[in-house]
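Thanks for making the time this morning. I would like to walk you through one structure, so please have a look at it before I begin.

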Amino acid sequence: MKFDELDSKMRVYEIADDYCVLPGLYTVARLDGRSFTRLTKEVHQFEAPYDTRFRDLMLETVEHLMNCDIDIIYGYTQSDEISLLFAQQENTFNRKLRKLNSVLAGEASAKFSLLLVILAALTVEFLNYPI
Ligand SMILES: Nc1nc2c(ncn2[C@@H]2O[C@H](COP(=O)(O)OP(=O)(O)O)[C@@H](O)[C@H]2O)c(=O)[nH]1
Ligand SMILES: [Mg+2]
């Protein structure tokens, strides 16, 4: 079988579940620290309910995400959550959800882990708004 033939035959399986962020909508990626209750109370005794050092680490993570070559026009953090508003015409990775999800989760987890010198993970979900 020729390479081109094999390529087009297998590509179908690769993109069968390829969801994209819908065009023209205001999209927010919401990241959430995974098991940060344990991280903030057992692993690292942060002040409760509000620790300025934890806040600064989250803020630095937001700043990093806003400099990852994705057109994010507004970033916001509250508790262990980060919300990122995408520019309406943002088209990185052709808006493929699997790419955006993995890059944002990877960059946020890596940055936060490096700052705290401890392994931490953040998850991502996407929300779309018509206005
Ligand atoms: N000590 C402390 N904990 C915080 C702070 N900000 C967020 N948290 C904790 O982070 C957790 C976030 O909640 P949630 O995402 O629902 O829990 P998770 O599933 O364990 O990540 C809660 O347990 C909060 O108390 C803070 O400034 N200080
Ligand atoms: Mg959480």
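Let me start with a question: what covers the buried residues of helix 3? Before I answer, please keep in mind that this is a predicted model.

The cover over the buried residues of helix 3 includes helix 2, strand 2, which runs over residues 72-78, strand 3, at 81-86, and helix 4, at 97-116. The buried residues in question are Phe54, Met58, Thr61, Val62 and Leu65. Looking down the axis of helix 3, you would find these buried residues within an arc of 105°, so they line one face of the helix. On the other side of helix 3, by contrast, Thr52, Arg53, Asp56 and Glu63 are exposed. As for the length of this helix, its 14 residues, 52-65, should span 20 Å at 1.5 Å a residue, and since the C-alpha atoms at its ends are 20 Å apart, the expectation and the model agree.

From helix 3 we can move to the nonpolar core. The largest nonpolar core has 19 residues, and Leu65 of helix 3 is one of those with the most contacts inside it, along with Ala29, Leu31, Ile82, Leu84, Leu104 and Ala108. Strand 1, helix 2, helix 3, strand 3, helix 4 and strand 4 are the elements that give two or more residues to this core. If you would like one residue to look at here, take leucine 104, which touches Ala29, Leu31, Leu65 and Val124, leaving aside residues up to four places away in sequence.

Next comes the ligand. Around ligand 1 there are 15 residues, and those that come nearest are Phe36, Thr37, Thr40, Ala48 and Asp51. Two elements, strand 1 (26-33) and helix 2 (36-43), give two or more residues to this shell, and helix 2 gives the most, with three residues. By character, the shell around ligand 1 divides into six nonpolar, five polar and four charged residues.

Ala48 brings me to the backbone. Most residues other than glycine have a negative phi, and most peptide bonds are trans. The peptide bond from alanine 48 to proline 49, however, is cis, with omega near 0°, and proline 49 is found in the loop between helix 2 and helix 3.

There are also residues with a positive phi to point out. Phenylalanine 93, although it is not a glycine, has a positive phi of about 55°, and you will find this residue in the loop between strand 3 and helix 4. Phenylalanine 93 counts as partly exposed, because it has 16 C-beta neighbours inside 10 Å. Valine 117, another residue other than glycine, has a positive phi near 55°, and its place is the loop between helix 4 and strand 4, which covers 122-129. Valine 117 is exposed, because 6 other C-beta atoms lie within 10 Å.

Finally, let us turn to lysine 96, which lies in the loop between strand 3 and helix 4. Is lysine 96 buried, exposed or partly exposed? With 15 other C-beta atoms within 10 Å, lysine 96 is partly exposed. In sequence, lysine 96 and leucine 22 are 74 residues apart, and yet in space they are 9.5 Å apart, C-alpha to C-alpha. Lysine 96 also touches Asp18 and Cys20, again not counting residues up to four places away in sequence.

Note on methods:
Residues numbered from 1 in each chain as written. Chains lettered and ligands numbered in written order. Predicted model: local features only at pLDDT ≥ 70, side-chain atom pairs only at ≥ 80, totals over all residues. Near = placed C-beta within 6 Å. Helix = DSSP H or I, 4+ residues; strand = E, 2+ residues; numbered from the N terminus. Nonpolar A, V, L, I, M, F, W, Y, C, P; charged D, E, K, R; others polar. Expected span 1.5 Å × (residues − 1). Buried ≥ 20, exposed ≤ 12 C-beta atoms within 10 Å, placed from the backbone. Arc of directions from axis to C-beta. Contact = placed C-beta atoms within 7 Å. Core = buried A, V, L, I, M, F, W, Y, C linked by C-beta atoms within 7 Å.
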